[in-house]
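Visitor: Could you take me through this model and tell me, each time, what the words rest on?

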Amino acid sequence: MYSLWVSLELASLLIAVISAWIAAGRLGKLRYGGSVERLHRKARAALIALAWMAVPWISALYAIAQLMLQYEPIFWRDRLFLHLPPLLIAGFAVYALTFPAVWRIWRDTATTTGAPLPPELLRRTVHPAVTAPAPSAAAAAALALYHLLVPPVPPKTAEIAIPLLMFGAVLAAILWSRTLRYRRVTAGQPAAFKLPPPGRRLLRKLGVLTVAGAVAYALFSLAAANSRLPARFSMMDGPMDFGGGAPVTHPATGGDALHASHAAHGAHALHAPAPAGSGKPHAGGTDAISVAELTGPRDETPDRRITLTAMKQTVRLDSGRTVEAWTFNGQVPGPEIRVRQGDLVEITLVNRDVEAGVTIHWHGVDVPNAEDGVAGVTQNAVMPGEKHVYRFRADQAGSFWYHTHQQSKEGVQRGLFGPLVVEPEDGAAEDVDLTVMPHIWPGVGTVVNRSETLQRVKVEPGSRVRLRLYNTDDWIIRKYVLVGAPFRVSAIDGTEVNGARELRDTVVEVTSGTRMDLTFTMPDGPVLLSVDRRDLGLLFTPDGKGDAPAMPRRLSRFNPLRYGEPAPTPFGADSRFDRSFTMLLDNKLGFFNGSFDQLYTINGEVFPRTPMFVVREGDLVKVKIINRGSVDHPMHLHGHHALVLSRNREPASGSPWWTDTLDVRPGDVYELAFRANNPGLWMDHCHNLAHAAIGMTMHLMYEGVYTPYEAGADTGNLPE
Ligand code: C2O
Ligand code: CU
């Protein structure tokens, strides 16, 4: 619903600007009536234009009223103070002043025919009450539209004041020119207006357009240049947010907690190739730790050793079609890594020929920070010919995945990803256990694992089956439907659901980055797992033959907030939190790194001006995520699992819902909690990697930790 009201307001304001502009044009032409009869016709046209103008006006007000009735103030406070007043005042002026005046002109010109315009009537056509309100209304709607497209939330003085001042200047210009014209007419000059020749009108319009264009161009170039990311920067740059907890001293500042960028630059200096023997930065007297030191076990012998080689490869799909991919070990998806819970895993990443560079991020596994695989944050990108070794203990059983975190939008799109499954150490696994990893390939469409069609799988009746569902794509919500047997959602983001009850006729939606495990017992008949459509996915039958069962007519949507049985959690909604943060997601038109785009913002900004949440090890942290924008944002915090406390004020009432990637839909408000128990510098970003690539990213920073790595074009590290 939220998106509906926002889009309605947007469309209404756009039409409001245009229709007020048209009405203003009609009203401005009244003075060229020439004869009483022609003025009568022109007045009628103006009245019609004014009447039409009311439609978008009313629907914009209606949309705002709906938002105010249904949502928290954060969704409409800006509308109340910035959209409504100009709309209401201008609307009032148009319908209380202009409309009746034009109505009277129309009425008073009804009877006479052909007579020349008496001076008294001419005067009435140029009265400011007739000529000023409509163009002012166009400007007012434009102001509201601007504030809708570039919402100043949280409020910033300049973002509110500059458009308001410009609006004020436009209003003054309108009033001044219309009053001047009226004065000239009442003073007796001229006796009648003649429409200027088309050539002059054109010239005047061109002149206005050129000036406006030049000003816009200058402002644009300035803003574009201002938004360029520096060629080298630290991920520790950016304003710090302490979440209402004690400000912590930043590693390299020696206590100057308020100047993050100075701190970061301090850290750079230490790792610039130059002076040997420079000490570590100090944090309140104790030595700060580099993220590079926060490794997994380095000395023990690993239980599993795996090598993943990044290489460009033409990959043949099951259908015989080929895709040009960036792969791990020549496969897409990359090889399925299956380890046992508790295993010490060692993975050697080798980059054969991916010039963009590669890293591996273990999505959903709370690895030590140095193993997190984020270029420019926890390591340098691995360039062709280089390698990097990751080591971590697979403490948590569940469905995870791995993917590059260097130019991740492009890298993941092109195939640098694969499934990672940690099997429970008690060996309580299902008889059949499959990963389902759809991916969109250009020119081919959605491919599930390696197939573009329904894949048949032979399963013995009575077998227990676990399906691990993934989403590796941007922008798309995968809709999984299992038909032919009742099923359970047994795990979400790698955590088992407590007391998962049986479901039927339910669509399980999986957004980018998230995982859901479905389990069922194979019946005698066929079972279909459809991925978005009936002819894509997996078809399980006892003999590997047979047809897919029909799709149910009506589907309900799986709701994790109420699913399963409550169970004890280490903390909850009633806990005392050391810090509470707010993440306000939104969109605005603006610039990122030199180009104009629809930006997706966190607390009103894109990276590097997004906040950095600063915590101290051991803190219990609450995060409120609000999506004011018009699209979904699956938000992913590295290195931690968060417990969902509530959604839209409704407390979580089912199994504890632990998540690492939470889809926040437009209009949604979530409260989450996590324990800051994994020191480091962690990314927190939208897993629509296209959004992350244009700045929808921020960091969680632990006191006393710094990164020696840098990002930016000159460093070769481009985490997004
Ligand atoms: Cu799966 Cu930072 O990402
Ligand atoms: Cu997003």
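Guide: Let us start with the copper ion (ligand 2), whose protein donors are H633 (ND1), C686 (SG) and H691 (ND1), lying 1.9 to 2.1 Å from it. The model is a predicted one, in which local features need pLDDT of at least 70 and side-chain atom pairs count only at pLDDT 80 or more, while totals for chains, interfaces and linings use all residues. Residues are numbered from 1 along each chain as its sequence is written, chains are lettered from A and ligands numbered from 1 in the order written, and side-chain values use heavy atoms, without hydrogens and water.

Visitor: What makes H633, C686 and H691 donors of the copper ion (ligand 2)?

Guide: A donor is an N, O or S atom within 2.8 Å of the metal (3.2 Å for Na, K and Ca), and a site may look incomplete because water is not among the atoms. The ND1 and SG atoms here lie 1.9 to 2.1 Å from the copper ion, so they count as donors. Along the chain the spacing of these donors is H-x52-C-x4-H. H633 belongs to strand β30 and C686 to strand β36 (residues 681-686), so this pair ties together parts that are 53 residues apart in sequence; strands are DSSP runs of E with at least two residues, helices are runs of H or I with at least four, and both are numbered from the N terminus.

Visitor: How do you know how α1 runs relative to α2?

Guide: The axes of α1 (residues 2-28) and α2 (residues 36-70) come within 8 Å and cross at roughly 160°, where axes are lines fitted to C-alpha atoms over the stretch in contact and angles run from 0 to 180 degrees between N-to-C directions. An angle over 145 degrees counts as roughly antiparallel, and therefore α1 is roughly antiparallel to α2. The contact of α1 with α2 holds 21 nonpolar, five polar and two charged residues.

Visitor: Why is the space lined by I625 and L637, among others, called a cavity?

Guide: On a 1 Å grid over the protein atoms alone, a cavity is a set of points where a 1.4 Å probe fits but cannot get out, and lining residues have an atom within 4 Å of a point. By this rule there are three cavities of 30 Å³ or more, and the largest holds about 150 Å³ of space. Its lining has 17 residues, with I625, L637, A642, L672 and D684 nearest the centre. Strand β30 gives the largest share of that lining, three residues.

Technical notes. On a 1 Å grid over the protein atoms alone, a cavity is a set of points where a 1.4 Å probe fits but cannot get out, and a pocket is an open set with protein on both sides within 12 Å along at least five of seven lines; lining residues have an atom within 4 Å of a point. Grid points are joined across faces, edges and corners, and a volume is the space filled by probe spheres set on the points. Angles under 35 degrees count as roughly parallel, over 145 as roughly antiparallel, 65 to 115 as roughly perpendicular and the rest as oblique. Ala, Val, Leu, Ile, Met, Phe, Trp, Tyr, Cys and Pro count as nonpolar, Asp, Glu, Lys and Arg as charged, and the others, Gly among them, as polar.
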